[in-house]
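The following note is offered to a colleague who is meeting this structure for the first time. The points are numbered so that each may be read against the model.

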Amino acid sequence: MIARMSDRSGALRDQHDALRDEHDALRDEHDAMRDLLEQVRVELLGGEVAAARDALRRLGAMQGAHIARENTALIPRLGPAARWPARVYLAEHAKLEALHADLLELLAPLPGRCADARLRLALLDALAPFKHLLEHHFEREQQGLFIEV
Ligand SMILES: [Fe+2]
Ligand SMILES: [Fe+2]
(Lines give C-alpha, C1' and ligand atoms only; values in the text may rest on other atoms or scores of the structure.)
(Ligands and ions follow the chains in the order given, each with its own letter.)
Protein backbone atom coordinates (compact mmCIF):
# COMPACT_ATOMS: atom_id res chain seq x y z
CA MET A 1 0.00 0.00 0.00
CA ILE A 2 2.72 2.45 1.06
CA ALA A 3 4.87 1.30 -1.85
CA ARG A 4 1.95 1.95 -4.23
CA MET A 5 1.40 5.45 -2.79
CA SER A 6 5.08 6.23 -3.09
CA ASP A 7 5.05 5.00 -6.72
CA ARG A 8 2.15 7.34 -7.35
CA SER A 9 3.83 10.35 -5.76
CA GLY A 10 7.00 9.51 -7.73
CA ALA A 11 4.99 9.45 -10.95
CA LEU A 12 3.36 12.80 -10.08
CA ARG A 13 6.75 14.29 -9.31
CA ASP A 14 8.08 13.03 -12.66
CA GLN A 15 5.10 14.59 -14.42
CA HIS A 16 5.65 17.84 -12.53
CA ASP A 17 9.37 17.86 -13.45
CA ALA A 18 8.54 17.16 -17.09
CA LEU A 19 6.16 20.15 -17.14
CA ARG A 20 8.80 22.39 -15.52
CA ASP A 21 11.28 21.34 -18.24
CA GLU A 22 8.66 22.09 -20.89
CA HIS A 23 8.05 25.57 -19.39
CA ASP A 24 11.79 26.29 -19.38
CA ALA A 25 12.09 25.17 -23.02
CA LEU A 26 9.08 27.30 -24.03
CA ARG A 27 10.50 30.33 -22.15
CA ASP A 28 13.81 29.88 -23.99
CA GLU A 29 11.88 29.82 -27.26
CA HIS A 30 10.16 33.09 -26.30
CA ASP A 31 13.63 34.62 -25.94
CA ALA A 32 14.74 33.13 -29.26
CA MET A 33 11.63 34.50 -31.03
CA ARG A 34 12.17 37.95 -29.49
CA ASP A 35 15.76 37.83 -30.79
CA LEU A 36 14.59 36.79 -34.27
CA LEU A 37 12.04 39.59 -34.32
CA GLU A 38 14.73 42.07 -33.38
CA GLN A 39 16.84 40.68 -36.22
CA VAL A 40 13.95 41.19 -38.66
CA ARG A 41 13.64 44.82 -37.52
CA VAL A 42 17.38 45.49 -37.76
CA GLU A 43 17.46 44.05 -41.29
CA LEU A 44 14.47 46.15 -42.35
CA LEU A 45 16.05 49.25 -40.84
CA GLY A 46 19.13 48.58 -42.97
CA GLY A 47 17.05 47.90 -46.08
CA GLU A 48 18.06 44.22 -46.17
CA VAL A 49 14.66 42.88 -47.15
CA ALA A 50 15.86 39.40 -48.17
CA ALA A 51 17.60 38.89 -44.82
CA ALA A 52 14.52 40.20 -42.99
CA ARG A 53 12.37 37.73 -44.92
CA ASP A 54 14.68 34.83 -43.94
CA ALA A 55 14.61 35.77 -40.26
CA LEU A 56 10.82 36.19 -40.38
CA ARG A 57 10.46 32.72 -41.94
CA ARG A 58 12.65 31.21 -39.22
CA LEU A 59 10.56 32.99 -36.60
CA GLY A 60 7.41 31.58 -38.23
CA ALA A 61 8.73 28.01 -38.19
CA MET A 62 9.61 28.30 -34.53
CA GLN A 63 6.30 29.98 -33.73
CA GLY A 64 4.30 27.25 -35.48
CA ALA A 65 5.95 24.41 -33.53
CA HIS A 66 5.79 26.40 -30.28
CA ILE A 67 2.08 27.15 -30.63
CA ALA A 68 1.33 23.52 -31.52
CA ARG A 69 2.99 22.37 -28.27
CA GLU A 70 1.16 24.93 -26.16
CA ASN A 71 -2.18 24.13 -27.82
CA THR A 72 -1.86 20.39 -27.25
CA ALA A 73 0.25 19.99 -24.08
CA LEU A 74 -0.56 23.01 -21.91
CA ILE A 75 -3.76 24.86 -22.80
CA PRO A 76 -6.10 21.82 -22.47
CA ARG A 77 -4.86 21.47 -18.86
CA LEU A 78 -5.96 24.98 -17.80
CA GLY A 79 -8.46 24.83 -14.95
CA PRO A 80 -11.69 26.85 -14.55
CA ALA A 81 -9.98 29.25 -12.11
CA ALA A 82 -7.21 30.16 -14.58
CA ARG A 83 -6.35 33.86 -14.78
CA TRP A 84 -7.12 33.82 -18.52
CA PRO A 85 -9.30 31.17 -20.16
CA ALA A 86 -8.05 28.89 -22.94
CA ARG A 87 -9.92 30.86 -25.59
CA VAL A 88 -7.78 33.96 -24.90
CA TYR A 89 -4.55 32.05 -25.61
CA LEU A 90 -6.04 30.27 -28.62
CA ALA A 91 -7.32 33.52 -30.12
CA GLU A 92 -3.91 35.16 -29.69
CA HIS A 93 -2.20 32.17 -31.31
CA ALA A 94 -4.51 32.42 -34.32
CA LYS A 95 -3.94 36.18 -34.54
CA LEU A 96 -0.15 35.81 -34.28
CA GLU A 97 -0.13 33.26 -37.11
CA ALA A 98 -2.38 35.46 -39.25
CA LEU A 99 -0.26 38.59 -38.66
CA HIS A 100 2.91 36.63 -39.42
CA ALA A 101 1.43 35.32 -42.70
CA ASP A 102 0.36 38.88 -43.66
CA LEU A 103 3.91 40.15 -43.06
CA LEU A 104 5.48 37.42 -45.19
CA GLU A 105 2.99 38.26 -47.93
CA LEU A 106 3.90 41.95 -47.64
CA LEU A 107 7.63 41.25 -48.00
CA ALA A 108 7.31 38.54 -50.69
CA PRO A 109 7.15 40.77 -53.81
CA LEU A 110 9.84 43.24 -52.68
CA PRO A 111 13.41 43.22 -54.04
CA GLY A 112 16.12 41.85 -51.76
CA ARG A 113 17.44 45.31 -50.89
CA CYS A 114 15.55 48.53 -50.34
CA ALA A 115 17.24 51.93 -50.50
CA ASP A 116 14.03 53.94 -49.99
CA ALA A 117 14.01 55.15 -46.36
CA ARG A 118 10.26 55.89 -46.42
CA LEU A 119 9.49 52.34 -47.54
CA ARG A 120 11.79 50.94 -44.85
CA LEU A 121 9.96 53.01 -42.26
CA ALA A 122 6.59 51.82 -43.60
CA LEU A 123 7.75 48.20 -43.35
CA LEU A 124 8.85 48.70 -39.74
CA ASP A 125 5.48 50.28 -38.96
CA ALA A 126 3.72 47.31 -40.56
CA LEU A 127 5.62 45.01 -38.21
CA ALA A 128 4.50 46.89 -35.08
CA PRO A 129 1.13 45.12 -34.42
CA PHE A 130 2.83 41.70 -34.63
CA LYS A 131 5.61 42.82 -32.28
CA HIS A 132 3.10 44.32 -29.86
CA LEU A 133 0.95 41.17 -29.73
CA LEU A 134 3.95 38.83 -29.52
CA GLU A 135 5.36 40.68 -26.51
CA HIS A 136 2.03 40.89 -24.70
CA HIS A 137 1.24 37.27 -25.44
CA PHE A 138 4.56 36.05 -24.04
CA GLU A 139 4.04 38.13 -20.89
CA ARG A 140 0.54 36.72 -20.46
CA GLU A 141 1.81 33.15 -20.78
CA GLN A 142 4.65 33.73 -18.36
CA GLN A 143 2.23 35.26 -15.81
CA GLY A 144 -0.56 32.75 -16.39
CA LEU A 145 -0.25 29.58 -18.43
CA PHE A 146 3.31 28.65 -17.41
CA ILE A 147 2.49 29.12 -13.73
CA GLU A 148 -0.95 27.57 -13.68
CA VAL A 149 -0.30 24.44 -15.73
FE1 LIG B 1 1.59 31.05 -26.98
FE1 LIG C 1 4.55 30.74 -25.78
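1. Does Pro80 count as buried or exposed? The model is a predicted one, and the place of Pro80 in it is the loop between H2 and H3. Pro80 has 5 C-beta neighbours inside 10 Å and therefore counts as exposed, since 12 or fewer such neighbours is the cut-off for that class. From C-alpha to C-alpha, Pro80 and His66 are 24 Å apart in space, although 14 residues apart in sequence.

2. The largest nonpolar core has 15 residues. Those that touch the most other members are Val40, Ala52, Ala55, Leu56 and Leu127. Two or more residues come from each of helix H1 (2-45), helix H2 (49-74), helix H3 (86-107) and helix H4 (117-143). The greatest contribution to this core is that of H2, which gives five residues. As a general matter, nonpolar side chains tend to be buried together in soluble globular proteins.

3. Leu56 deserves separate mention. When residues up to four places away in sequence are not counted, Leu56 touches Val40, Leu103, Leu104 and Leu107. A second core, separate from the largest one, consists of five residues. Ile75, Tyr89, Leu145 and Phe146 are included in this second core.

4. The next matter is the packing of H2 on H3. The angle between these two helices is about 160 degrees, and their axes are 10 Å apart. That angle makes H2 roughly antiparallel to H3, because angles over 145 degrees are counted in this way. The crossing in which H2 passes H3 is left-handed.

5. Which residues make the contact of H2 with H3? On the side of H2 they are Val49, Ala52, Arg53, Leu56, Arg57, Gly60, Gln63, Ile67 and Asn71. On the side of H3 they are Leu90, His93, Leu96, Glu97, His100, Leu103, Leu104 and Leu107. By character, the residues of this contact divide into nine nonpolar, five polar and three charged.

6. H3 also packs with H4, at an angle of about 155 degrees and with the axes 10 Å apart. H3 and H4 are therefore roughly antiparallel to each other. Their crossing is left-handed. H3 contributes Glu92, Lys95, Leu96, Leu99, His100, Leu103 and Leu106 to the contact, and H4 contributes Ala126, Leu127, Pro129, Phe130, Leu133, Leu134 and His137. These residues comprise 10 nonpolar, two polar and two charged.

7. Two residues of helix H1 may be taken together, namely His23 and Ala25. His23 counts as partly exposed because it has 17 C-beta neighbours inside 10 Å. Ala25 has 11 C-beta neighbours inside 10 Å and so counts as exposed. Each has a partner distant in sequence. The C-alpha atoms of His23 and Leu74 are separated by 9.3 Å, with their positions 51 residues apart along the chain. Ala25 and His66 are 41 residues apart in sequence, and 9.7 Å apart in space from C-alpha to C-alpha.

8. Where does Val42 lie? Val42 belongs to helix H1. With 13 other C-beta atoms within 10 Å, Val42 is partly exposed. Val42 and Ala52 are 10 residues apart in sequence and 8.0 Å apart in space, C-alpha to C-alpha. Ala52 is also one of the residues that touch the most other members of the largest nonpolar core, and Ala52 takes part in the contact of H2 with H3.

Key. Residues numbered from 1 in each chain as written. Chains lettered and ligands numbered in written order. Predicted model: local features only at pLDDT ≥ 70, side-chain atom pairs only at ≥ 80, totals over all residues. Core = buried A, V, L, I, M, F, W, Y, C linked by C-beta atoms within 7 Å. Buried ≥ 20, exposed ≤ 12 C-beta atoms within 10 Å, placed from the backbone. Helix = DSSP H or I, 4+ residues; strand = E, 2+ residues; numbered from the N terminus. Contact = placed C-beta atoms within 7 Å. Axes fitted to C-alpha atoms, helices over the stretch in contact; angles between N-to-C directions. Parallel < 35°, antiparallel > 145°, perpendicular 65-115°, else oblique. Left-handed = near helix turned anticlockwise from the far one by under 90°. Nonpolar A, V, L, I, M, F, W, Y, C, P; charged D, E, K, R; others polar.
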